[in-house]
Amino acid sequence: VIANGFIALQPRFPFNQHVFAGANSFMLKLIKNNKTSLGVDVEDGRFDSTIQATEANLMLNSVEMTVSFDSAASDTGFFRVHLQNKVGHKFPSGYPSRRAVLQFVVVDAIGDTIFKSGTFTPDARVVGENPAYETHHDFISNSDIPQIYEIVMGDVNSNFTSLLERAAVLLKDNRLPPLGFTTQHNVYDTVQISADALADPDFNKAGITEGTGSDEVHYHVPMQSVNGAIKVYARLFYQSVPPKWLDEMFTLSSAEIDTFRTMYQAADKQPLKMLEDSLSINITGESKILLSQYIQVFPTVTIDGRLTAKAARGTHVLNIQMFDVSGRLVLELNPQSGTEEITFNFNGRPGTYLIRIQTDQGMWNGKILKRN
């Protein structure tokens, strides 16, 4: 009998036992380690089983991740990490301190790091994170720029806040939507995607169709001096209570805050590694040349903005996108079916732009410089 207040009910048999597991193993461990002072009378074994179920839920039931190699040019390797939400709500969910950090690392044959993004300091802060808040990124071409999936609150002045009482506006929400979620959903006004993620052409989208519940992050890795075997690692980490979230609260003092500060400082704050995928590639001068001939864009330096994209014979251009160095989409074209060559005008400001061309044979990436 499990009904509260109805002990006269007849017991059921057989019955199923359920495990209710969330995602916050950090606080479970903190409470377990301070249960005496908190007055919690629960055996360690029950904490341990719940922590194990919680971490298994995160690692097995929440997200799928794969890392892929797209192409290489003479000075850049192009990689892609695909994330697929497996749950029926946004991920991460729950209290807004929770977030997922995507880590991407490339090392050479002797283990020296060529590129890294989404790494952590010894006190569990994300290296390179913007002090205000890190915007969503479609592509990352600079080490120490991280991709963080989270909701970020702003106060009445649109400044980051982690105090619920001060929250007034949404600054960022690039949490992975569930499969089938669209901007036309009848409750979208309460669970909006922020503008930076909406501008990403493959965030919850496949072409113009919404609802994939996925995202792809594109990494452009400098490879001028790379020749030989490399190893690529993609890892997804989960933080329930990141240090940045508590900075604002810890400027204040009360009996409760001071007690929690002591417990938090003594806790293991290292993020939980949810997922990992890797691949090994052999980069040679010959392979760079062959891959760079897969498609041609010319001129690579333009003054009037007139560009031509030409694919190899029998290869068709399906989509062209151009991004500025901040990752903002500034141009998108969808040529007619069967197009092998297309000339178009680009009216951006002077500077370096990244161009991505989808063909029926795969993806190609390159760089364009516009001058006055």
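The largest cavity is lined by 13 residues, and those nearest its centre are Arg99, Glu150, Phe160, Lys244 and Trp245. The model is a predicted one, in which local features require pLDDT of at least 70 and side-chain atom pairs pLDDT 80 or more, whereas totals for chains, interfaces and linings draw on all residues. Residues are numbered from 1 along each chain as its sequence is written, and side-chain values rest on heavy atoms, with hydrogens and water left out.

A cavity is here a set of points, on a 1 Å grid over the protein atoms alone, where a 1.4 Å probe fits but cannot get out, and lining residues have an atom within 4 Å of a point. The structure holds 1 cavity of 30 Å³ or more, and the volume of the largest cavity is about 100 Å³; volume denotes the space filled by probe spheres set on the grid points, which are joined across faces, edges and corners. Strand E7 (151-154) and H5 each give two or more residues to the lining of this cavity. Helices (H or I, at least four residues) and strands (E, at least two) are DSSP runs numbered from the N terminus. By class, the cavity lining comprises 7 nonpolar, 1 polar and 5 charged residues, where Ala, Val, Leu, Ile, Met, Phe, Trp, Tyr, Cys and Pro count as nonpolar, Asp, Glu, Lys and Arg as charged, and the others, Gly among them, as polar.

A pocket, in contrast to a cavity, is an open set of points with protein on both sides within 12 Å along at least five of seven lines. The largest pocket contains about 480 Å³ of space. Its lining numbers 19 residues, of which Pro201, Asp202, Ala206, Gly207 and Gln321 are the closest to the centre. At least two lining residues come from each of E2, strand E10 (205-206), E12, strand E18 (317-323) and E21, and E12 makes the largest contribution, with 3 residues. The pocket lining is made up of 4 nonpolar, 8 polar and 7 charged residues.

Salt bridges (a side-chain nitrogen of Lys or Arg within 4 Å of a carboxyl oxygen of Asp or Glu) number 21 in the model. Asp138 and Arg356 meet in one such bridge, at 3.3 Å from N to O. This pair links distant parts of the chain, 218 residues apart, with Asp138 in the loop between E4 and E5 and Arg356 in strand E21 (residues 351-359). Relative accessible area is 3% for Asp138, which is buried, and 4% for Arg356, likewise buried; buried means under 20%, exposed over 50% and partly exposed in between, for a 1.4 Å probe and protein chains only. Through shared partners, salt bridges also join Arg99, Glu129, Glu150, Lys172 and Lys244 into one network. Of these residues, Arg99, Glu150 and Lys244 are also among those nearest the centre of the largest cavity.

A further long-range pair is Arg125 and Asp247, whose closest N and O atoms are 2.9 Å apart. Arg125 lies in the loop between strand E4 (113-117) and strand E5 (139-140), and Asp247 in helix H5 (residues 243-247), 122 residues apart. Both are partly exposed, Arg125 at 30% relative accessibility and Asp247 at 34%. In the salt bridge between Lys35 and Asp44, the closest N and O atoms are 2.7 Å apart; Lys35 is buried at 19%, whereas Asp44 is partly exposed at 36%.

The largest nonpolar core, a set of buried Ala, Val, Leu, Ile, Met, Phe, Trp, Tyr and Cys residues joined through side-chain atoms within 4.5 Å, has 39 residues, and Phe79, Phe104 and Tyr219 have the most contacts inside it. At least two core residues are supplied by each of strands E1 (63-72), E2 (76-85), E3 (99-108), E12 (214-222), E13 (228-239) and E14 (272-283). E14 gives the most, with 6 residues. Another core, of 17 residues, lies apart from it and includes Ile295, Val297, Leu331 and Ile342.

Ile295 and Val297 form the covered face of strand E15 (residues 295-298), while Gln296 and Phe298 form the uncovered one. E15 runs antiparallel to strand E17 (residues 306-311), to which 4 bridges join it; the bridge partner of Phe298 in E17 is Thr308.

An open sheet of 4 strands has the order E1-E2-E12-E5, with mixed pairing; two strands pair if DSSP finds at least two bridges between them. E1 and E5 stand at the edges with a single partner strand each, so one side of each has no neighbour in the sheet. E1 and E2 run antiparallel and are joined by 9 bridges, and Val67 has Val81 in E2 as its bridge partner.
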